[in-house]
Amino acid sequence: MDEILAGPCGIFCGDCEYLGDSCAGCGHVGGKPFWTSEVDMAICPLFDCSVNVKRLEHCGLCDDLPCELFRSFSDPSLTPQEAERSMLERVDELKKRREMGTGAWLERKGS
């Protein structure tokens, strides 16, 4: 499976409804998915922090997970409760990914 579909934020791009038509996946577009231009951002701040600044494969390898940026950055279409649930799910996925490795994590996602 394409490791670039494993977003540094804990999202599996292969599950995204926009993959293909509007986006090639976070890794393929260097952290600049379609929505960044819609919210007037040059790059996803989570991708930028993890990959560009800290030089980590994903946020799960950061000692500060979940940091304030990770906790506060969410899809604006979500309610506060949905955003909190999404954040906790992504933290859980990132911990699993850290433990099993990205390859095994992706295999589990693809099955």
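Before selecting anything, colour the chain by confidence: this is a predicted model, and the protein chain averages a pLDDT of 92, with 98% of the residues scoring at least 70. Helix α2 (residues 45–53) has the highest confidence, at a mean of 97, while helix α1 (residues 34–38) has the lowest, at 89. Keep one caution in mind as you go: where pLDDT is low, the predicted coordinates should not be read in detail.

**Stop one: α4 against α5**

Select residues 80–100 for helix α4 and 102–110 for helix α5. A packed pair of helices is described by the angle between the axes and the distance between them. Here the angle is about 125° and the axes are 6 Å apart. That angle falls outside the ranges for parallel, perpendicular and antiparallel, the last of which begins over 145 degrees, and α4 and α5 are therefore oblique to each other.

Now show side chains at the contact. From α4, pick Glu93, Lys96, Arg97 and Met100; from α5, pick Thr102, Ala104, Trp105, Arg108 and Lys109. Colour them by type and you get three nonpolar, one polar and five charged residues.

**Stop two: Trp105**

Stay in helix α5 and centre on Trp105. Is Trp105 buried or exposed? Its relative accessible area is 0%, and anything under 20% counts as buried, so buried it is.

Which residues is Trp105 in contact with, leaving aside its neighbours within four places in sequence? Light up Ala6, Gly10, Ile11 and Phe12, then add Glu93, Lys96, Arg97 and Met100. You have already met those last four as the α4 side of the helix contact.

For a sense of scale, draw a line from the C-alpha of Trp105 to that of Pro66: the two are 39 residues apart in sequence and 19 Å apart in space. Leave Pro66 labelled, since the tour comes back to it.

**Stop three: the aromatic pairs**

The count comes to three aromatic pairs, and two of them are on this route. Begin with Phe12 and Trp105, which sit edge-to-face, with 6.3 Å centre to centre and 90° between the planes. The pair links distant parts of the chain: Phe12 is in the segment before α1 and Trp105 is in helix α5, 93 residues apart. Both Phe12 and Trp105 are buried.

Next, select Trp35 and Phe73. Their ring centres are 5.8 Å apart and their planes are at 40°, so this pair is tilted. This one also joins distant parts of the chain, with Trp35 in helix α1 and Phe73 in the loop between α3 (68–72) and α4, 38 residues apart. Switch on a surface to compare the partners: Trp35 has a relative accessible area of 25% and is partly exposed, whereas Phe73, at 19%, is buried.

**Stop four: backbone oddities**

Time to look at the backbone. Most residues other than glycine have a negative phi, and most peptide bonds are trans. Three places here are worth checking against that background.

Go back to Pro66, in the loop between α2 and α3. The peptide bond joining Leu65 and Pro66 is cis, with omega about -10°.

In the loop between α2 and α3 you will also find Arg55. Arg55 is not a glycine, yet its phi is positive, at about 60°. With a relative accessible area of 67%, Arg55 is exposed.

Then move to the loop between α1 and α2 and select Asp40. Asp40 has a positive phi of about 60° as well, and is not a glycine either. Its relative accessibility is 74%, so Asp40 counts as exposed.

**Stop five: Ala42 and Gln81**

Ala42 is in the loop between α1 and α2. What does Ala42 contact, once its neighbours within four places in sequence are left aside? Lys32 and Thr36. Ala42 has a relative accessible area of 62%, which makes it exposed. Put a distance on the C-alpha atoms of Ala42 and Cys62, and you should read 23 Å for two residues 20 apart along the chain.

Finish at Gln81, in helix α4. Gln81 is exposed, with a relative accessible area of 55%. One last line to draw runs from Gln81 to Gly14, C-alpha to C-alpha: 24 Å in space, across 67 residues of sequence.

Conventions:
Residues numbered from 1 in each chain as written. Predicted model: local features only at pLDDT ≥ 70, side-chain atom pairs only at ≥ 80, totals over all residues. Heavy atoms only, no water. Axes fitted to C-alpha atoms, helices over the stretch in contact; angles between N-to-C directions. Helix = DSSP H or I, 4+ residues; strand = E, 2+ residues; numbered from the N terminus. Parallel < 35°, antiparallel > 145°, perpendicular 65-115°, else oblique. Contact = heavy atoms within 4.5 Å. Nonpolar A, V, L, I, M, F, W, Y, C, P; charged D, E, K, R; others polar. pLDDT = per-residue confidence, 0-100. Phe/Tyr/Trp six-rings, centres within 6.5 Å; stacked < 30°, edge-to-face > 60°. Buried < 20%, exposed > 50% of the residue type's maximum accessible area, 1.4 Å probe, protein only.
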